Amino acid sequence: MDFDLSEEQKMIQETIRKFAKEVIAPVASENDKKGEFPRDIFKKLAELGFAGTPIPEEYGGAGFDYISHAIVAEEIGRVDSSMRGTYSVQVSLVELPIFKFANEEQKKKYLPKLASGEWMGCFGLTEPDAGSDPASMKSTAVENGDHYVLNGQKTWITNAGIADLAIVYAKTDKKAEARGITAFLVERGMEGFSTKDLHDKLGLRASNTGEIFLENCRVPKENVLGEVNKGFKVAMGTLDFGRYTVAAGCVGSAQGCIDICKEYAIQRIQFGKPIASFQLVQQMIADMVVECEAGRLLVYRVGDMKNKGVPNTRETSIAKYYCSEMVNRVAYKAIQIHGGYGFSGEYDVERFYRDARINTLYEGTSQIQQLIIGAYELGIKAFT
Ligand SMILES: Cc1cc2nc3c(=O)[nH]c(=O)nc-3n(C[C@H](O)[C@H](O)[C@H](O)COP(=O)(O)OP(=O)(O)OC[C@H]3O[C@@H](n4cnc5c(N)ncnc54)[C@H](O)[C@@H]3O)c2cc1C
């Protein structure tokens with residue numbers, strides 16, 4: 001077992017850490033308050049190769065390994081979860097499933113555009129009445145000559161309003177539940193495709209979230225991703241990538257809370273001393289550090305498994321479940337250490353606290369992760 005990062009991974013960490021500190025962090029709070037996604041910053045991130053971190057160079061990516069992919073999510077999450085969410089969706093929920101499930105023609109057509117940041121992508125699985133149970137989706141796709149005609153609605157879709165390409169799931173066989181779902185590559189501009197932004201979110205305010213409307217949306221047959229009626233496999237395979245970067249982002253946000261609290265606890269004086277000198281404050285900092293480090297090890301273990309091509313659904317769920325709950329505990333303590341000032345939007349911990357909340361909800365709630373882990377342990381599935 002080797003716990004050291006390679007020279008390349010260290011170099012990537014240093015580059016993204018500097019970029020996050022100098023370019024993303026200074027405007028994170030302002031963008032959160034304005035509720036605006038900074039597209040220009042994502043383009044700069046792409047110039048460094050970080051819009052296609054694990055995608056092979058032949059498809060326009062950087063060709064880095066999966067631990068490097070986590071490091072990028074971690075370092076972005078350390079300063080701004082909105083940008084981290086956008087990064088996760090672009091790379092883990094759009095590029096990686098295309099790399100894994102698309103045919104050669106589709107890979108060559110879409111990956112270079114996405115990995116260069118020229119195009120943004122989104123992943124459209126959730127519907128108003130189908131969240132934890134995506135197999136109950138109502139969107140349909142009906143064959144019509146050389147096209148499929150899609151009808152339905154997707155909601156809570158990260159990047160929906162800024163995406164040039166959406167991976168959309170619809171039922172090609174209504175009676176077959178999970179085995180009747182197909183994944184489609186839908187370009188903005190295809191007839192019958194439209195989006196609407198969602199506002200007034202608790203957190204991730206600088207990340208775009210929206211709805212997708214499919215109204216007799218005509219998608220060429222060549223845009224089926226993977227096989228017809230095998231889309232559920234694509235969706236679940238995708239979530240193994242997505243949950244991984246959510247977990248990594250949580251580790252980063254927890255580290256961000258620690259960074260901010262260390263500085264604050266040393267300069268904040270009460271009872272004539274820095275609050276950092278009080279044992280109960282040190283206890284909170286120590287708990288935050290231990291939990292963050294435990295989460296990081298869980299994430300890097302998954303990265304190692306992904307690098308080796310070993311199945312990792314169980315370990316990914318463990319990392320996602322632990323890290324998403326962990327960052328909420330850490331952000332709670334970060335507010336506590338800031339006292340009343342932590343309750344103010346003028347301090348970054350307030351944004352970290354709000355942004356932490358989403359992680360136990362999306363890409364499978366904590367309960368869904370528990371059921372996945374439970375099924376591996378017990379050999380009994382609570383749901384199909
Ligand atoms: C900001 C944001 C961004 C998102 N981005 C995307 C995206 O890019 N693409 C996308 O497709 N979706 C996205 N989602 C949707 C997200 O994945 C869903 O919200 C999530 O899967 C939960 O579904 P739901 O909200 O319908 O909750 P529900 O499924 O209705 O769950 C409600 C509660 O019931 C519990 N529950 C449900 N079933 C069970 C069960 N069998 N056993 C025990 N408890 C259960 C849940 O854990 C939860 O506590 C996003 C959501 C948000 C808020």
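This is a chat about the domains, the ligand site and a few helix pairs in a predicted model.

Visitor: Let's start broad. Which domains is the protein chain divided into?

Guide: Domain 1 covers 7-120, domain 2 covers 122-227 and domain 3 covers 233-378. Keep in mind that this is a predicted model.

Visitor: And where does the ligand lie?

Guide: It lies between domain 2 and domain 3, because both give residues to the shell around it.

Visitor: How many residues surround the ligand, and which are the closest?

Guide: There are 23 of them, and the closest are L125, G131, S132, T365 and Q367.

Visitor: Which helices or strands each supply at least two residues of that shell?

Guide: Two strands and a helix do: β1 (121-124), β3 (147-158) and α10 (366-378).

Visitor: I'd like to know the chemistry there. How do the shell residues divide by class?

Guide: You get 13 nonpolar, eight polar and two charged residues around the ligand.

Visitor: OK, switching to domain 1 and domain 3. What separates their centres?

Guide: The distance is 20 Å, taken over C-alpha atoms. As for contacts, 23 residues of domain 1 touch 25 residues of domain 3.

Visitor: Which elements of domain 1 supply at least two residues each to that side?

Guide: Those are α1 (7-34), α3 (66-77) and α4 (81-101). By class, the domain 1 side that touches domain 3 has 10 nonpolar, six polar and seven charged residues.

Visitor: You mentioned α3. At what angle do the axes of α3 and α7 cross?

Guide: Roughly 145°, with the axes of α3 and helix α7 (residues 279-308) coming within 7 Å. On the α3 side, Y66, I67 and A70 meet V299, Y300, G303, D304, K306 and N307 in α7. The residues of that contact split into five nonpolar, two polar and two charged.

Visitor: Now α9. How do the axes of α8 and α9 cross?

Guide: Helix α8 (residues 313-338) and helix α9 (residues 348-356) have axes that come within 9 Å and cross at roughly 155°. That angle makes α8 roughly antiparallel to α9.

Visitor: Is that crossing left-handed or right-handed?

Guide: The crossing of α8 and α9 is left-handed.

Visitor: And which residues in α8 and α9 meet?

Guide: From α8 you have V327, N328, A331, A334, I335 and H338, and they meet V349, F352, Y353 and A356 in α9. By class, the contact of α8 with α9 comes to eight nonpolar, two polar and no charged residues.

Visitor: What about α6 and α9, how do their axes cross?

Guide: The axes of helix α6 (residues 231-267) and α9 come within 10 Å, and the crossing is at roughly 160°. So α6 is roughly antiparallel to α9. Its handedness is left-handed.

Visitor: Which residues make the contact of α6 with α9?

Guide: S253, G256, C257 and I260 come from α6, while D348, V349, F352, D355 and A356 come from α9. That contact holds five nonpolar, two polar and two charged residues.

Notes
Residues are numbered from 1 along each chain as its sequence is written. This is a predicted model: local features need pLDDT of at least 70, side-chain atom pairs count only at pLDDT 80 or more; totals for chains, interfaces and linings use all residues. Axes are lines fitted to C-alpha atoms, for helices over the stretch in contact, and angles run from 0 to 180 degrees between N-to-C directions. Helices (H or I, at least four residues) and strands (E, at least two) are DSSP runs, numbered from the N terminus. Angles under 35 degrees count as roughly parallel, over 145 as roughly antiparallel, 65 to 115 as roughly perpendicular and the rest as oblique. A crossing is left-handed if the near helix is turned anticlockwise from the far one by less than a right angle, and right-handed if clockwise. Two residues are in contact if their C-beta atoms, placed from the backbone, lie within 7 Å. Ala, Val, Leu, Ile, Met, Phe, Trp, Tyr, Cys and Pro count as nonpolar, Asp, Glu, Lys and Arg as charged, and the others, Gly among them, as polar. A residue is near a molecule or strand if its C-beta atom, placed from the backbone, lies within 6 Å of it. Domain bounds come from an automatic or database domain assignment.
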